[in-house]
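Biologist: I'd like to go through this structure with you and ask where the labels come from. Can you show it to me?

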Amino acid sequence: MKRTMMSLIGVSAALAAVTGVAAVTAPGGGAPDAPRGGTRLPVQRSALLCPAPTSSEVGETAYTAFAPQGAAAGADGKKGTAQLLPAGTVKDTGGTGDGKDKGKGKKGAEGGAADSAAGQAVPPRDTKPVVPLRQAGRPVTTTTDSADAPALVGTADGSLAPGWTVQQTTSVAAGTGRGLLGLGCTAPDTTFWFPGVSTATERQDYVHLTNPDSTPAVVDLELRGKDGALAGSGGEDISVPPHTTVPVLLSTLTDTPTTNATLHVVAREGRVGAAVQASDSKLGSDWLPPAADPSPSVVLPGVPKDATSVRLVALAPGESDADLKVQLATPTGMITPAGVETLHLKSGMTTAVDLKDLTKGEAGSLVLTPSDSGSKVPVAAALRVTRGKGAKQEMAFIPATRPVVKRATAVDNRGKDATLSLVAPEKGKDAKVKVTASAGSGGGTPVTKTYTVKGGTSLDAVPPRPTGLKGSYALTVEPAPGSGPVYASRMLARPQGGVPAFTVQPMPDDRGSVLVPTAGQDLSVLTD
């Protein structure tokens with residue numbers, strides 16, 4: 001987001017009611033200091049968007065919603081509500097999503113992007129709320145096996161707004177899109193970066209654009225490959241109608257099949273939620289969430305110990321090249337991958353590096369920092385991680401993520417299928433975090449455990465589980481006061497017929513609170 005400079009008088013009450021507003025921290029940093037006289041208050045309203053999960057006839061999707069306990073009630077004293085509603089869909093924007101019609105997407109009059117305006121806007125069949133939440137501290141879950149399950153848009157207010165988290169987890173047993181697909185539903189915004197997309201013949205990548213508002217959004221899509229903008233990349237002026245989702249097949253945006261590319265999504269009018277669903281003919285499918293905003297240093301947490309292949313895709317989107325140190329944070333310290341000590345990124349060009357079996361039986365997290373400590377060149381990055389061998393392979397994505405400043409949450413944990421990854425990337429700055437396993441959706445008692453991660457190391461752990469667990473539960477990570485910077489992710493592993501199906505969700509700070517200044521204070525320190 002671009003920095004906004006403001007200096008207003010008497011805005012404390014208004015700021016506390018802004019939808020989803022929270023202070024932004026720089027990667028690698030801890031919690032921002034409150035301005036003199038400022039107060040940190042919980043947000044009073046949050047918005048989330050979930051894309052349509054799958055078009056497979058053999059897929060099943062679980063939706064899980066949760067809000068952590070401890071948030072203050074709304075300004076009006078109400079407990080709060082949180083729910084999602086089905087969104088409409090624009091058809092004819094690049095195929096059916098089942099892998100049978102790649103490249104048949106409808107293009108605009110100039111041969112560019114899929115023309116959403118030419119497609120048919122189909123309203124939702126049902127307007128019944130999905131996973132409505134009535135209390136904090138206990139997740140709510142529901143499932144669907146419909147191939148026409150819609151995208152969802154919704155809001156939370158009052159005591160349920162801070163930290164409101166929704167996950168959709170889809171299991172597809174067979175076909176091109178087979179695998180385990182997990183996605184934390186995203187907040188609407190105006191810009192997103194997706195390193196790791198592909199328009200190659202073996203891949204079918206859709207970007208799902210969802211408009212939560214009552215006015216149309218206009219979106220531009222730009223693809224960048226190893227030589228810069230891809231030829232024929234004409235994803236301009238895509239109209240996203242109100243309360244509607246538009247899926248766009250990325251291969252229809254360019255005449256150049258490209259294995260490793262970066263997608264930049266920009267809403268010129270309005271705002272949208274964006275996520276990429278990637279399907280590979282050999283490696284299954286998963287969601288690619290947006291990477292953290294470009295930054296000089298980035299952390300990609302949670303590379304599993306049994307990864308058989310790891311590919312790094314990175315971009316320096318500004319006007320300057322970037323030179324980076326490449327390190328893997330392990331349980332015993334930082335190591336440098338053999339042959340990939342440094343990485344040079346040319347401005348505006350996507351670079352991909354195969355790190356092979358990077359972890360070699362020991363889980364870790366990738367850390368990219370400037371070779372010159374004074375460099376401020378921002379970069380965006382993501383990993384494609386593969387587990388398994390031969391015909392039994394499965395892929396997932398790990399984008400760069402924001403640090404956990406106050407709190408982060410991952411939901412839809414069941415039994416022993418979850419692995420929690422924590423990394424403290426700065427040497428000499430240990431991280432101490434409290435991890436809480438919530439009550440289960442069907443019952444159980446919360447359990448809390450404290451972990452200490454030595455600075456410059458990572459930690460992978462089977463997280464605590466609620467006592468007497470029934471159903472699924474949430475994991476909440478909270479750094480202790482004075483803790484060093486910490487980043488987190490959660491992996492779900494649910495094998496499917498010998499395939500090591502898995503999905504990894506980054507756990508960025510939930511931005512559940514906002515620094516409210518005193519009257520007359522300069523707000524430039526609070527907004528980004």
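Modeller: Let's start with a term: buried means under 20% relative accessible area, exposed means over 50%, and partly exposed is in between (1.4 Å probe, protein chains only). Keep in mind that this is a predicted model, where local features need pLDDT of at least 70 and side-chain atom pairs count only at pLDDT 80 or more, while totals for chains, interfaces and linings use all residues. Residues are numbered from 1 along each chain as its sequence is written, and side-chain values use heavy atoms, with hydrogens and water left out.

Biologist: Why is Phe 192 called buried?

Modeller: Phe 192 has 6% relative accessibility, and the limit is under 20%, so Phe 192 counts as buried. Phe 194 is buried too, at 0%.

Biologist: What makes the pair of Phe 192 and Phe 194 stacked?

Modeller: Rings of Phe, Tyr and Trp (its six-membered ring) pair if their centres lie within 6.5 Å; planes under 30 degrees apart are stacked, over 60 edge-to-face, and the rest tilted. Here the centres are 6.4 Å apart and the planes stand at 25°, so this pair is stacked. The whole structure has 1 aromatic pair.

Biologist: How do you know that Arg 271 and Asp 213 meet in a salt bridge?

Modeller: The term asks for a side-chain nitrogen of Lys or Arg within 4 Å of a carboxyl oxygen of Asp or Glu. For Arg 271 and Asp 213 the N to O distance is 2.9 Å, so the pair fits the definition. Arg 271 lies in the loop between β18 and β19, and Asp 213 in the loop between β13 and β14, so the salt bridge ties together parts 58 residues apart in sequence.

Biologist: Why is Arg 271 called partly exposed?

Modeller: Its relative accessible area is 28%, and that falls in between the two limits. Asp 213, at 22%, is partly exposed as well.

Biologist: And what makes Arg 494 and Asp 417 a salt bridge?

Modeller: Their closest N and O atoms are 2.7 Å apart, so the 4 Å limit is met. The two residues are 77 apart in the chain. Arg 494 is buried at 15%, and Asp 417 is buried at 10%. Both belong to a network of salt bridges with Asp 412 and Arg 414.

Biologist: How many salt bridges does the structure hold?

Modeller: There are 16. Another one of them joins Asp 227 and Lys 226, at 3.1 Å, and both of these residues are exposed.

Notes:
Helix = DSSP H or I, 4+ residues; strand = E, 2+ residues; numbered from the N terminus.
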